[in-house]
Amino acid sequence: MKEIIGIAAVILSFVAYAPYFRDIFARKAKPHPYSWFVWGLTSILIFALQISHGGGAGAYTTASVAFISFAVCLLAYRNDGIKDITTTDTAMLIMALIATALWLFAKQPTLSMILLIAADMCGFAPSIRRAWYNPYGETATMWGTNAMRHTLSIFALQKYSLLTLLNPVVWAIGNFCFTLMLIFRRQTKL
């Protein structure tokens with residue numbers, strides 16, 4: 001049963017991102033390349049940690065997100081390059097890369113996961129900034145669907161521990177809050 005839920009979460013990943021890719025190609029969505037690079041990098045490492053600690057089918061969605069994140073990063077860079085990159089965005093990228101590098105030295109898997117999640121959240125900051133000022137530059141349905149996908153992946157985990165739960169829980173909350181911010185900002189920008 002958990003395999004089916006895990007596969008459903010992966011399918012939901014691709015379904016969620018289909019409108020986002022459509023909007024990127026139509027140049028309606030403006031993803032931030034720094035965010036998506038960080039998320040691709042950390043997703044590979046988080047997937048490895050989840051699998052090595054019994055995450056099973058619940059980790060499949062993390063692997064699919066790594067692939068998707070790098071694809072979005074390349075498209076974001078191709079479409080907009082590095083324009084609209086602020087000093088704060090660059091600082092957040094550097095902090096994310098430092099947190100990602102520190103996980104190599106953490107001898108404790110849970111600490112490694114916390115560092116990777118911290119890197120993910122630093123990577124989120126440039127996207128939040130850009131979306132705050134341009135809420136129509138993101139596809140709200142994708143972020144909302146991702147909140148559901150991460151929640152679903154929690155139920156697909158083979159083993160529940162802080163190490164296997166932290167990533168999907170943080171991302172379910174993060175995607176939900178980002179979706180709410182987009183809705184709120186769209187209503188206030190009318």
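This briefing covers the nonpolar cores and the aromatic contacts of the structure above. The model is predicted. Its largest nonpolar core has 27 residues, and seven helices, α1 to α7, each supply at least two of them. The structure also holds 14 aromatic pairs.

**Nonpolar cores**

- Within the largest core, the residues with the most contacts are Tyr-20, Trp-36 and Trp-143.
- The contributing helices are α1 (2–25), α2 (33–52), α3 (60–80), α4 (87–102), α5 (109–133), α6 (140–156) and α7 (162–188).
- A second core, separate from this one, has 11 residues, among them Trp-103, Met-113, Ile-117 and Leu-163.

**Surroundings of Trp-143**

- Leaving aside residues up to four places away in sequence, Trp-143 touches Trp-36, Trp-39, Phe-124 and Phe-178, among others.
- Its other contacts include Glu-138, Asn-175, Thr-179 and Leu-182.

**Aromatic pairs**

- Ring pairs join Tyr-17, Tyr-20, Trp-36, Trp-39, Phe-124, Trp-143, Trp-171 and Phe-178 into a cluster.
- Phe-124 and Phe-178 form a tilted pair, with 5.2 Å centre to centre and 40° between the planes.
- This pair links distant parts of the chain, since Phe-124 lies in helix α5 and Phe-178 in helix α7, 54 residues apart.
- Phe-124 has a relative accessible area of 4% and is therefore buried; Phe-178, at 3%, is buried as well.

**Charge over a ring**

- Arg-185 places its charged end over the ring of Trp-132, 4.2 Å from the ring centre.

Notes
Residues are numbered from 1 along each chain as its sequence is written. This is a predicted model: local features need pLDDT of at least 70, side-chain atom pairs count only at pLDDT 80 or more; totals for chains, interfaces and linings use all residues. Side-chain values use heavy atoms; hydrogens and water are left out. A nonpolar core is a set of buried Ala, Val, Leu, Ile, Met, Phe, Trp, Tyr and Cys residues joined through side-chain atoms within 4.5 Å. Buried means under 20% relative accessible area, exposed over 50%, partly exposed in between (1.4 Å probe, protein chains only). Helices (H or I, at least four residues) and strands (E, at least two) are DSSP runs, numbered from the N terminus. Contact means heavy atoms within 4.5 Å. Rings of Phe, Tyr and Trp (its six-membered ring) pair if their centres lie within 6.5 Å; planes under 30 degrees apart count as stacked, over 60 as edge-to-face and the rest as tilted. A charge sits over a ring if NZ of Lys or CZ of Arg is within 6 Å of the ring centre and within 35 degrees of the ring normal.
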